[in-house]
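Visitor: Pick one residue and give me a close look at its place and surroundings. Then set it against the rest of the chain.

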Amino acid sequence: SQSLASERHKKRVEKALEEIELVLSQQEEKLRELSDSQYILINEVILTILQTTEQEKIEFLKATIRKALNQEQISTLTVTQISRVLRDITVDELLFLMKYSHFSRIIFSGQPMNDLELLVDIHSKEGVIVSGLISLGLMVPGAATFDDIGRYQFSDLVRSVVEIISP
């Protein structure tokens with residue numbers, strides 16, 4: 001707790017919380033009328049910021065809070081899933097989702113069948129990222145057919161995650 005890294009982390013978190021407080025204070029009317037789901041999401045994101053050491057991830061989380069103020073119709077189930085993902089996802093995984101979530105499939109072997117399939121070397125940095133996304137439930141196996149062996153697709157939750165984290 002006495003390390004320089006700890007002090008840098010503390011300062012990043014304090015600055016982020018000050019900025020969030022300013023954003024929330026400027027949205028007083030929306031804040032008063034938050035749905036339970038919005039409240040849960042904002043609360044969970046703030047808790048995640050307290051545990052986050054990467055400045056870039058903190059920026060994504062701050063954007064999430066700004067977006068949450070306008071997400072009046074978001075369900076509690078979706079909020080719970082998004083909160084869990086945001087707590088555990090890395091910046092590289094977030095950036096991968098933002099860049100490639102328009103692809104229909106991610107494949108580890110073979111040749112892409114069309115322009116909407118992305119070939120990823122399982123031993124590359126992207127392969128590690130895809131493995132992480134699979135463990136988070138953001139990528140799921142394709143259909144149970146011979147043609148889909150080794151092919152993964154983005155789960156339905158990805159659209160919600162990308163939408164809420166995008167500045």
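Guide: R151 is buried, with a relative accessible area of 8%. Buried means under 20%, exposed means over 50%, and partly exposed lies in between (1.4 Å probe, protein chains only). R151 sits in strand β4, which covers residues 151-154. Helices and strands here are DSSP runs, numbered from the N terminus: H or I over at least four residues for a helix, E over at least two for a strand. Across space, R151 lies 9.8 Å from M139, C-alpha to C-alpha. The sequence separation of R151 and M139 is 12 residues.

A word on the source: this is a predicted model, in which local features need pLDDT of at least 70, side-chain atom pairs count only at pLDDT 80 or more, and totals for chains, interfaces and linings use all residues. Residues are numbered from 1 along each chain as its sequence is written, and side-chain values use heavy atoms, with hydrogens and water left out.

Now the setting of β4. The protein chain has eight helices and four strands. Their order along the sequence is α-α-α-α-α-α-β-β-α-β-β-α. The C-alpha trace spans about 55 × 40 × 20 Å along its principal axes. The chain has 167 residues, and 40% of them count as buried.

Strand β4 also takes part in the largest nonpolar core. A nonpolar core is a set of buried Ala, Val, Leu, Ile, Met, Phe, Trp, Tyr and Cys residues joined through side-chain atoms within 4.5 Å. This one has 45 residues. Those with the most contacts inside it are F96, L97, L138, F154 and V161. Eight elements are listed as giving two or more residues to it: α1, α3 (36-51), α4 (55-68), α5 (76-88), α6 (91-100), α7 (125-135), β4 and α8 (157-165). Helix α8 gives the most, with six residues. In soluble globular proteins, nonpolar side chains tend to be buried together.

Two further buried positions are worth a stop. V158 belongs to helix α8. It is buried at 4% relative accessibility. Its C-alpha is 7.4 Å from that of S101, although V158 and S101 are 57 residues apart along the chain. T64 belongs to helix α4. Its relative accessibility is 0%, so T64 counts as buried. T64 and E163 are 99 residues apart in sequence, yet their C-alpha atoms are 8.8 Å apart.

Next, the charged pairs. The structure holds seven salt bridges. A salt bridge is a side-chain nitrogen of Lys or Arg within 4 Å of a carboxyl oxygen of Asp or Glu. One of them joins E28 and R32, at 3.3 Å from N to O. Both residues lie in helix α2 (residues 28-32), four residues apart, so about one helical turn separates them. E28 is partly exposed at 48%, whereas R32 is exposed at 60%.

R87 forms another salt bridge, with D88; their closest N and O atoms are 3.6 Å apart. R87 is partly exposed, with a relative accessible area of 37%. D88 is partly exposed as well, at 44%.

A further bridge links K125 and D92, at 3.6 Å from N to O. K125 lies in helix α7 and D92 in helix α6, so this pair ties together parts that are 33 residues apart in sequence. K125 is exposed at 53%, while D92 is partly exposed at 36%. Elsewhere, K15, E19, E59 and K62 are joined into one network by salt bridges that share partners.

Last, the surface. E7, E14, E18 and E21 form a negative patch. Patch residues have over 30% relative accessible area and no salt bridge; like charges are joined within 9 Å, and nonpolar side chains (Val, Leu, Ile, Met, Phe, Trp, Tyr) within 5 Å. E21 of this patch lies in helix α1 (residues 4-26). It is exposed, with a relative accessible area of 57%. Set against that, R151 is buried at 8%.

How values were computed
Accessible areas come from the Shrake-Rupley method with a 1.4 Å probe; for residues, only the protein chains shown count as cover. Lys and Arg count as positive and Asp and Glu as negative; His and the chain ends are not counted. The place of a charge is taken as NZ of Lys, CZ of Arg, CG of Asp or CD of Glu.
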